[in-house]
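Please open the model in your viewer and keep a selection panel at hand, since this tour moves from one selection to the next. Each stop says what to select and then what is there.

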Amino acid sequence: MKREEFESIVLADPHLAEPIRESAQSVRAKQFSVLTEAAVIALMFPIARFLLTHVGLPWLSELGRYSELQRRRVHEWIDSKYRDEGFDPEEAESASDALIERLEATTDTSARSAWERLVQLFTAAKGA
């Protein structure tokens, strides 16, 4: 899946768009700057792709251990890939932590289904 596809899918579904935007805004809150929609997607696409395909969704894991183990795994990935992906590691860690928190708080069945569909799209694109 390319960034453009990710952007279209996310913007078309409020169950995805709101958590993605809010996660990216955690960066803006620390820096007092405005993130454009393109900047949100540029920051969140690699983070969401890694988180969803290599870490998983919290409701599909043992929730008690999900948060710290997965957060550490994402931070390790950020440290190894931030130059390749073109993002600031501190911004990426802040945004990924916010996205993990949003996912952990997701209880609505339709929202969970939307995230599970996104995982399937990422996984299908990865295999292609």
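A polar contact, as used at one stop below, is a pair of N or O atoms within 3.5 Å, of which, within protein, one must be able to donate a hydrogen and the other to accept it. Please keep in mind throughout that this is a predicted model.

Begin with the whole chain in a cartoon view, where the protein shows 6 helices and 0 strands, following the pattern α-α-α-α-α-α when read along the sequence. If you colour by burial, buried residues make up 41% of the 128 residues. Of the contacts between residues at least 6 apart in sequence, 69% join residues at least 24 apart.

Next, select α1 (residues 3-12) together with α3 (residues 37-55), whose axes lie 10 Å apart and whose packing angle is about 105 degrees. Angles of 65 to 115 degrees count as roughly perpendicular, and α1 and α3 are therefore roughly perpendicular to each other. Show side chains where they meet: Arg3, Phe6, Glu7 and Leu11 come from α1, while α3 brings Glu37, Ile41, Ala42, Met44, Phe45, Pro46 and Ala48. The residues of this contact divide into 8 nonpolar, no polar and 3 charged.

From there, move to the largest nonpolar core, which has 35 residues, and in which Phe6, Ile20, Leu43, Met44 and Trp115 have the most contacts. Each of α1, α2 (14-31), α3, α4, α5 and α6 supplies at least two residues of this core, and the largest share, 11 residues, comes from α3. Centre the view on isoleucine 20, which, when residues up to four places away in sequence are not counted, touches Phe6, Val10, Val40, Met44, Ala48, Leu99 and Trp115.

Now select histidine 75, in helix α4 (residues 63-85). With a relative accessible area of 19%, histidine 75 is buried, because the cut-off for buried is under 20%. Leaving aside neighbours within four places in sequence, histidine 75 is in contact with Glu93, Ser96 and Asp97.

Finish at threonine 106, which is found in the loop between α5 (89-105) and α6 (109-127). Is threonine 106 buried or exposed? Its relative accessible area is 11%, so threonine 106 is buried. Display the polar contact here, in which the side chain of threonine 106 reaches the backbone oxygen of arginine 102 at 2.8 Å. Not counting residues up to four places away in sequence, threonine 106 also touches Trp59, Ala111 and Arg112.

Key. Residues numbered from 1 in each chain as written. Predicted model: local features only at pLDDT ≥ 70, side-chain atom pairs only at ≥ 80, totals over all residues. Heavy atoms only, no water. Helix = DSSP H or I, 4+ residues; strand = E, 2+ residues; numbered from the N terminus. Buried < 20%, exposed > 50% of the residue type's maximum accessible area, 1.4 Å probe, protein only. Contact = heavy atoms within 4.5 Å. Axes fitted to C-alpha atoms, helices over the stretch in contact; angles between N-to-C directions. Parallel < 35°, antiparallel > 145°, perpendicular 65-115°, else oblique. Nonpolar A, V, L, I, M, F, W, Y, C, P; charged D, E, K, R; others polar. Core = buried A, V, L, I, M, F, W, Y, C linked by side-chain atoms within 4.5 Å.
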